[in-house]
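Dear colleague,

I am passing on the structure below, and my notes on it follow directly after. Please read them alongside the coordinates.

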Amino acid sequence: MRRRLVAALSDGSGEGTVTRLVAAEVRRDPAVLYDALRARSFFGGRPVVLLEGAGDGAAAAVSEAVATLTREDGVLVVEAGSLPPKSSLRKTFEQGKHIAALGLYPDAPDMASLDAALQQAGLRHGLTDEALAELEVRVAELDRGSLARLIERIALFGLNADVPLSAIDVIPLLPAAGEAETDRLIEAVARGQVAEAGRRLRRLEAGGVQAVTLMIHAGRHFRQLFMAVSAGGGPEQAVERMRPRPVGPRRTQMLDQLGRWSLPRLEQAVRLVQETDRTLRSPGARPDYAIAERCLIRLAMLARRG
């Protein structure tokens, strides 16, 4: 994507005619970036400056360099890794009037590619469909290196197996359910996916996540939806008002959720989560997960009727 963008900005002549800078160089001397953007070529045309490996350490230099850019100055392309919503560099590009941020997200592996990777790693009989489904859900939050190590671990465990490994075999080998898994549970609830919500709830319970933790995530999520919808407009306007503003697959998911929930139903949802949270925090013995499950399934049913 960087090559395609730079080629387009440099009239198709490629990266050979581009000034390439690295973030460490710009952090040491911010003037390097300022000068590169205002340099004049002997061959005419606007200079294209590529800043590689940028992070928040380069945010101040980038912000200062682009603050006074004119049409006669150069074009800046900044390549960065994963930037959280609170990143100062990301905010610089998302909030600027004449600059933009482009988020790129790898597709999560599907069941066919996971099965092929396991076969290649030496697992002759593969996994059952149920075990593959468990693996597919959990690997969505892994980077490529972690996924490769997990595939190797599963293949080593089943090296001499004469039958496909079952979910009971595979689940102990999977990484522990974390915050991302809780977020996927709340997403399934908000999209009305009752069966999916039930499966994820069982997985989180087995992973030791507390019921009150689920209510905290649910409360935060439905309050965010409520605040976005309460200002009026359609889902597109609502998602633009969210802070941090969702991008990429997250934006698509939020648009789907916002299309399912009216303001009165969101009021009902927030009230239900608050009541359940108070019940779970009150003294006394009770079946906490059963209470949390009842709340979440009621929310999912509300989304389906929405």
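Two strands pair if DSSP finds at least two bridges between them, and this is the sense in which pairing is used in this message about a predicted model. Strand 2 (residues 48–54) and strand 3 (residues 75–80) pair in the parallel sense, over five bridges, and within this pairing Leu-50 stands opposite Val-77 of strand 3. The two strands also belong to a right-handed β-α-β unit, in which helix 4, spanning residues 59–66, is the helical element.

Beyond strand 3, the loop that leads to helix 5 (88–95) contains Ser-87. With a relative accessibility of 1%, Ser-87 counts as buried, because buried means under 20% relative accessible area. The side chain of Ser-87 also makes a contact with the backbone of helix 5, in that it reaches the backbone nitrogen of Arg-90 at 3.2 Å.

The other residue I looked at is Gln-237, which lies in helix 13, a helix that covers residues 235–241. Gln-237 has a relative accessible area of 42% and is therefore partly exposed, since that class lies between the 20% and 50% limits. A polar atom of the Gln-237 side chain lies 2.8 Å from the backbone nitrogen of Gly-234. As for Leu-255, it is 18 residues from Gln-237 in sequence, while the C-alpha atoms of the two are 9.8 Å apart in space.

With best regards

Conventions
Residues are numbered from 1 along each chain as its sequence is written. This is a predicted model: local features need pLDDT of at least 70, side-chain atom pairs count only at pLDDT 80 or more; totals for chains, interfaces and linings use all residues. Side-chain values use heavy atoms; hydrogens and water are left out. Helices (H or I, at least four residues) and strands (E, at least two) are DSSP runs, numbered from the N terminus. Buried means under 20% relative accessible area, exposed over 50%, partly exposed in between (1.4 Å probe, protein chains only). A polar contact is a pair of N or O atoms within 3.5 Å; within protein, one must be able to donate a hydrogen and the other to accept it, and residues adjacent in sequence count only if both atoms are side-chain atoms. A crossover is right-handed if, with the strands pointing away from the viewer, the path from the first strand over the helix to the second runs clockwise.
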